[in-house]
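Please look over the following model with its metal sites and its sheet in mind. How are such features laid out along one chain, and on what criteria does their description rest?

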Amino acid sequence: VLATRHGKGEAIGPALAPLGLSVRVTDAVDTDALGTFTGTVPRAGTMREAALAKCRAALAIDRDADFAVASEGAFGPHPNAPFVTADVELVLLVSRDLAFEASAERVVTDVPAIARVARTVDEARAIAALAGFPAHALLVCDGDDPRTTAPPRAMLLRNPDAFDAAVHAALAAAHAAIVGNDLRAHANPSRMRVIGLAAADLAQALARECPRCHRPGVVITPQPGLPCGACGTPSSATGFDLATCAGCELATRTARHGTADPSNCPVCNP
Ligand SMILES: [Zn+2]
Ligand SMILES: [Zn+2]
């Protein structure tokens, strides 16, 4: 069972189908109460804790489900590039007794996630274009503080006329409007795509059994460090794959062959 009000079943269901898991979606869990991307409800705890809370709630509602799956996303500085905003998407699967847990995570930098201040409708439209509107739905808030915690004036905006009307209203009320991406999964097709990729990673992890404890769910994480083709320095290109068992914490490294393009090298291309 999957708890979502944001259409994630379409991204997660097909990814888990090859394992013989059929995903039932419940909208009875108010996942927005567990933290949202619209600034209206602050999220408590880590991504794993938030996903686990959704799983527990879904298992309580769907008494026949053997497993629960939930996804959780966060935007913040990229772990290897602090000036780049990254989208981290976690997909977590737990058994009904919570004894078995497996998860996979994707980190990408190409999901539109901006929030900027506009003082005219033209400025607002320019921000909308940067945010990938209308394929990506937008939010409009009153005022000029992008960190505002006030509820947005309008959410899930996909229609240009409705967008203009919301901007006009915010400008009339506060002389400034904050225009940004509505980051909920159903509003942001780029995020939904990454959730699908993380779910596919989870399916692959579940298909791999740990050689030591025989538990399924071995996650493979690419790690940087492929030697530069020109000078041999460890580069930012993937150098080895780290396979980690969540059960016994066995970690094995498999080196990748070849050398990296010098453009990925901190010495040749600082
Ligand atoms: Zn080099
Ligand atoms: Zn193991």
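The paragraphs below take up the sheet, then the zinc sites, and finally one aspartate.

This is a predicted model, in which local features need pLDDT of at least 70 and side-chain atom pairs count only at pLDDT 80 or more, while totals for chains, interfaces and linings use all residues. Residues are numbered from 1 along each chain as its sequence is written, chains are lettered from A and ligands numbered from 1 in the order in which they are written, and side-chain values use heavy atoms, with hydrogens and water left out.

An open sheet is formed by four strands in the order E6-E9-E7-E8, with antiparallel pairing; helices (H or I, at least four residues) and strands (E, at least two) are DSSP runs numbered from the N terminus, and two strands pair if DSSP finds at least two bridges between them. Strand E6 (115–118) and strand E8 (154–157) each have a single partner strand and stand at the edges, so one side of each is left without a neighbour in the sheet. E6 pairs with strand E9 (residues 177–181) over four bridges in the antiparallel sense, and valine 117 has isoleucine 178 in E9 as its bridge partner.

The zinc ion (ligand 2) has as its protein donors Cys210 (SG), Cys213 (SG), Cys245 (SG) and Cys248 (SG), lying 2.3 to 2.4 Å from it, where donors are N, O and S atoms within 2.8 Å of the metal (3.2 Å for Na, K and Ca), and water is not among the atoms, so sites may look incomplete. Along the chain these donors follow the spacing C-x2-C-x31-C-x2-C. Cysteine 210 lies in the loop between helix H5 (189–207) and strand E10 (218–224), whereas cysteine 245 lies in strand E11, so the pair ties together parts that are 35 residues apart in sequence.

For the zinc ion (ligand 1), the protein donors are Cys228 (SG), Cys231 (SG), Cys265 (SG) and Cys268 (SG), at 2.2 to 2.4 Å from it, and their spacing along the chain is C-x2-C-x33-C-x2-C. Cysteine 231, in the loop between E10 and E11, and cysteine 265, in the segment after strand E12 (251–255), link distant parts of the chain, 34 residues apart.

Aspartate 241 is placed in strand E11 (residues 238–245), and it counts as buried because its relative accessibility is 17%; buried means under 20% relative accessible area, exposed over 50%, and partly exposed in between (1.4 Å probe, protein chains only).
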